[in-house]
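Reader: Hi! I'm new to this one, could you walk me through it?
Author: Happy to, let's bring it up and take your questions as they come.

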Amino acid sequence: MNAPHAAERGKTLMIVEDEILVAMTLRDELETAGFHVLDLTDRHEEAVAVARESAPDLALVNIQLRGHDDGIELAQHLKELNIPVLLISGQVSRAQSAKTVAIGSMPKPYSALEMVGAVRYLLAHLRGDESRGPPAGLEVFDTTTDHFAPAG
Amino acid sequence: MAAHPPIDTEDPAHSLTMAVIEASLNPLLLLDGELRIAGASISFCDAFGIDPATAVGRVLLELGIEEWDDPQLRALLGAVASGTPQIAAFEMELERPGFDTRCLIINASLLVYEDLDQPRLLVAVADVTDARACERSKDEAVERLAVLLREVRHRVANSLQIVSAVLLQNARRTGSAETRDSLTDAHHRVMSVAALERQLSASADGDQSVELRTYFASLCDNIAASMIVDQNKVSLVATGGGVVTARVSVSLGLIVTELVINALKHAFPDGRTGRIEIGYQAHGPNWTLSVSDDGVGMPNDPALIRTGLGTSIVKALARQLEATVDVAPAAPGTIVWIEHIQVALVGDDSGQAPAVVSSDGRRTSPERTI
């Protein structure tokens with residue numbers, strides 16, 4: 001496993017995922033990789049409240065959320081809060097349709113370690129660092145750096 | 001009987017035309033230069049509610065409530081009457097009171113008879129309303145199936161994701177290194193199938209064929225991310241390539257997963273650097289999958305060679321693919337071939353060792369140990 005870049009260590013992430021086991025595994029792997037992961041959420045309003053309070057550097061959002069909440073609508077809301085969103089869903093065609101509100105898509109099924117690589121890549125990408133290539137499976141939407149200020 | 005005028009000519013060509021119209025099961029018309037009906041098949045009269053007894057002599061565009069008086073049709077038929085040889089596949093909608101709108105395809109050709117002053121127009125009318133409805137219905141069915149397929153894919157992806165998460169959670173929490181190892185291996189097997197599913201999902205047209213090099217590269221990325229601490233020391237490379245069905249690719253992917261994991265566990269002890277190469281070559285129906293490493297090689301003492309679940313999986317999947325498994329020293333390292341031979345290739349100059357086709361159709365190479 002590659003060591004995380006110093007600039008990425010300690011970055012705050014938010015996971016919005018309705019499958020709790022998937023969310024827990026992601027959280028564990030991301031924390032092991034040195035990221036700070038906010039409390040897990042699986043609803044739109046709850047996620048927005050957490051995002052407003054903690055301003056994560058990146059939100060990992062599933063398209064299908066609990067209670068028929070929609071991850072793409074949440075991504076739109078998070079974009080308005082200047083929080084970049086990585087869609088993590090098996091609904092590939094819907095993710096493709098959300099290029100204006102998300103910065104990338106990592107379709108299920110992914111391995112948690114691939115997701116760690118995707119998060120590292122995107123955080124570096126947001127900083128303008130293109131020294132590493134995107135990991136397998138990650139689709140990066142071109143609007144990334146136009147819509148979000150570099151993370152501090 | 002078809003509607004036709006009294007025979008006013010002995011022109012045999014004209015007589016033949018009238019006979020064809022009379023016998024035609026498809027709507028046919030013969031018009032004069034003024035677009036008056038000179039002959040109409042019974043099928044035309046039946047299809048469009050025309051009385052055969054009074055059809056002849058009437059202007060086509062004035063039939064019924066002038067439902068045939070389409071400006072484009074009028075212009076096109078007028079052009080044919082003026083000398084344009086033909087019009088092909090003009091499409092129009094015919095609206096008649098009390099009837100559903102019909103979609104018609106019209107062809108018209110200019111006929112010139114020696115004994116007639118005026119030209120004649122032979123007009124064929126095809127009612128494609130039902131065919132179009134069938135096409136639309138088929139397209140809708142295909143779209144519905146595509147939606148269902150996407151939904152199934154989504155559910156499969158979710159299920160694989162959950163299974164993968166459970167295995168990783170268990171692996172993280174167990175205190176036994178051996179159990180953790182087994183659970184991690186199981187996680188890789190699930191992810192091997194998952195990578196295939198993801199590749200198939202990316203295919204917009206529902207194509208079920210799999211490009212192996214992309215698939216193997218994805219497998220390598222996943223395995224490398226979890227098993228190689230320093231990726232500068234050991235590299236995984238996919239070479240060759242080919243396209244196979246999803247069913248074959250899932251077996252090949254699992255075989256590659258087992259062999260790569262095995263090589264990573266045993267070929268590079270004590271931080272040794274090296275490379276693992278996955279190759280796939282196909283010649284017609286025959287193919288060879290190879291996984292080679294440049295590590296320490298197999299132990300000289302056969303008693304030290306362990307055969308575990310991974311070996312059983314490789315052999316079982318190879319058998320399912322009607323392929324043989326061969327393992328040999330690679331100087332340095334080890335190479336494993338999975339080979340499917342359906343026919344013997346005469347004059348194969350691919351650079352491989354000469355093959356011998358055994359009586360049961362399997363190719364053997366004397367330098368390999370099975």
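Reader: Which residue forms a salt bridge with A:Glu29?
Author: B:Arg172 does, with the closest N and O atoms 2.9 Å apart. A salt bridge here is a side-chain nitrogen of Lys or Arg within 4 Å of a carboxyl oxygen of Asp or Glu. The pair crosses between chains, from helix H1 of chain A to helix H5 of chain B. Helices are DSSP runs of H or I with at least four residues, strands are runs of E with at least two, and both are numbered from the N terminus.

Reader: Before I go on, what should I know about the model and its numbering?
Author: This is a predicted model, where local features need pLDDT of at least 70 and side-chain atom pairs count only at pLDDT 80 or more, while totals for chains, interfaces and linings use all residues. Residues are numbered from 1 along each chain as its sequence is written, chains are lettered from A and ligands numbered from 1 in the order written, and side-chain values use heavy atoms, without hydrogens and water.

Reader: Thanks! Is A:Glu29 buried or exposed?
Author: A:Glu29 counts as buried, because its relative accessibility is 9%. B:Arg172, at 35%, counts as partly exposed. The cut-offs are under 20% relative accessible area for buried, over 50% for exposed, and partly exposed in between, with a 1.4 Å probe and protein chains only.

Reader: How many salt bridges does the structure hold?
Author: There are 20 over all chains. One of them joins B:Arg155 to B:Glu151, again with the closest N and O atoms 2.9 Å apart. Both residues lie in helix H5 of chain B, four residues apart, about one turn of the helix.

Reader: Switching topic: how many cavities of 30 Å³ or more are there?
Author: Three, and the largest holds about 40 Å³ of space. A cavity is a set of points on a 1 Å grid over the protein atoms alone where a 1.4 Å probe fits but cannot get out, and lining residues have an atom within 4 Å of a point. Points are joined across faces, edges and corners, and the volume is the space filled by probe spheres set on them.

Reader: Which helix gives the most to the lining of the largest cavity?
Author: H5 of chain B, with four residues. The lining includes A:Val22, A:Leu26, B:Gln161 and B:Leu168.

Technical notes: On a 1 Å grid over the protein atoms alone, a cavity is a set of points where a 1.4 Å probe fits but cannot get out, and a pocket is an open set with protein on both sides within 12 Å along at least five of seven lines; lining residues have an atom within 4 Å of a point.
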